[in-house]
Amino acid sequence: MIFFVEAIASAILIFGGVFLLIGSIGLTRLPDVYMRLHAPTKATTLGIAGVLIASCIIQSYRQESLSISEWLITLFLIITAPITANMIAKAALHHEIAPIHRTQGQELIVTAKDRTPPPSEAKED
């Protein structure tokens, strides 16, 4: 394999691995469910996209044609990660899982669950 292709794939693979590590550490270290949503939806999604793109580069070079399956998996993950995080947050709100005291925007939890506008917007009407 050409050194140039290996170097690009290795750099992207290391980039993805670093973001996967950061996302995994965030998932275990963040204190409540609302904060834990950020680690897999942001860092881990970017990390797995890096790994899949590196795989796409190597497979495209070996097959001498564009390997589209990795691109489709990456696109699917990037589209579905925010939707999944939204559903997890709604389930946590529905089950009234309390955030820790340091979480910002706690006054919005009741309005989000009841689907009412925040107090600042309700006063303007």
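**Exercise 1. Find which residues V5 is in contact with, leaving aside its neighbours within four places in sequence, and decide whether V5 is buried or exposed.**

Solution. In this predicted model, V5 is in contact with I57 and Y61 once its neighbours within four places in sequence are left aside. The next step is to place the residue, and V5 is found in helix α1. Its relative accessibility is 14%, and since buried means under 20% relative accessible area, V5 counts as buried. As a last step one can take a distance to another helix: V5 and Y34 are 29 residues apart along the chain, and their C-alpha atoms are separated by 40 Å.

**Exercise 2. Describe the surroundings of Y34: in which helix does it lie, and which residues does it touch beyond four places away in sequence?**

Solution. Begin with the secondary structure, where Y34 lies in helix α2. Its relative accessible area is 16%, which falls under the 20% limit for a buried residue, and Y34 is therefore classed as buried. When residues up to four places away in sequence are not counted, Y34 touches A89, A92, L93, I97, A98 and P99. Of these names, A89, A92 and L93 also appear among the buried residues of α4. To relate Y34 to helix α3, consider L52, which is one of the buried residues of that helix; the C-alpha atoms of Y34 and L52 are 18 residues apart along the chain and are separated by 27 Å.

**Exercise 3. Characterise helix α3 by its span, its bend and its buried residues.**

Solution. Start with the span: α3 has 26 residues and reaches 36 Å from its first C-alpha to its last, which is close to the 38 Å expected at 1.5 Å a residue. Then look for a bend, and a kink of about 35 degrees is found, centred on T44. The buried residues of α3 are A39, A43, T45, G47, A49, G50, L52, A54, C56 and S60, and they pack against α1 (3–29), α2 (33–36) and α4.

**Exercise 4. Carry out the analysis of Exercise 3 for helix α4, and state what covers its buried residues.**

Solution. The helix α4 has 26 residues and spans 37 Å between its first and last C-alpha, close to the expected 38 Å at 1.5 Å a residue. It bends by about 30 degrees at T80, and a proline, P82, follows within four residues. The buried residues of α4 are E70, T74, A81, A85, A89, A92 and L93, and what covers them includes α2, α3 and α5.

**Exercise 5. Determine how α3 and α4 are oriented to each other, and which residues make the contact.**

Solution. The axes of α3 (residues 38–63) and α4 (residues 69–94) come within 9 Å and cross at roughly 175 degrees. An angle over 145 degrees counts as roughly antiparallel, and the two helices are therefore roughly antiparallel to each other. On the α3 side the contact is made by T41, T45, I48, A49, L52, I53, S55, C56 and Q59, while α4 contributes E70, W71, I73, T74, L77, I78, A81 and A85. Sorted by character, the residues of this contact divide into 11 nonpolar, 5 polar and 1 charged.

**Exercise 6. Examine the backbone at E64 and at E96: what sign does phi take at each, and are these residues buried or exposed?**

Solution. As background, most residues other than glycine have a negative phi. E64, although it is not a glycine, has a positive phi of about 60 degrees; it follows α3 and is found in the loop between α3 and α4. With a relative accessible area of 74%, E64 is exposed. Turning to E96, this residue also is not a glycine, and its phi is positive, about 55 degrees. E96 comes just after α4, in the loop between α4 and α5 (107–114), and at 59% relative accessibility it counts as exposed.

**Exercise 7. Place H101 in the chain, classify it as buried or exposed, and state how far apart H101 and A49 are in space.**

Solution. H101 is found in the loop between α4 and α5. Its relative accessibility is 73%, and because exposed means over 50%, H101 counts as exposed. For the distance, H101 and A49 are 52 residues apart in sequence and 34 Å apart in space, C-alpha to C-alpha.

Technical notes:
Residues are numbered from 1 along each chain as its sequence is written. This is a predicted model: local features need pLDDT of at least 70, side-chain atom pairs count only at pLDDT 80 or more; totals for chains, interfaces and linings use all residues. Side-chain values use heavy atoms; hydrogens and water are left out. Axes are lines fitted to C-alpha atoms, for helices over the stretch in contact, and angles run from 0 to 180 degrees between N-to-C directions. Angles under 35 degrees count as roughly parallel, over 145 as roughly antiparallel, 65 to 115 as roughly perpendicular and the rest as oblique. Contact means heavy atoms within 4.5 Å. Ala, Val, Leu, Ile, Met, Phe, Trp, Tyr, Cys and Pro count as nonpolar, Asp, Glu, Lys and Arg as charged, and the others, Gly among them, as polar. Buried means under 20% relative accessible area, exposed over 50%, partly exposed in between (1.4 Å probe, protein chains only). The expected span of a helix is 1.5 Å times one less than its number of residues. The bend at a residue is the angle between axes fitted to the seven residues ending there and the seven starting there.
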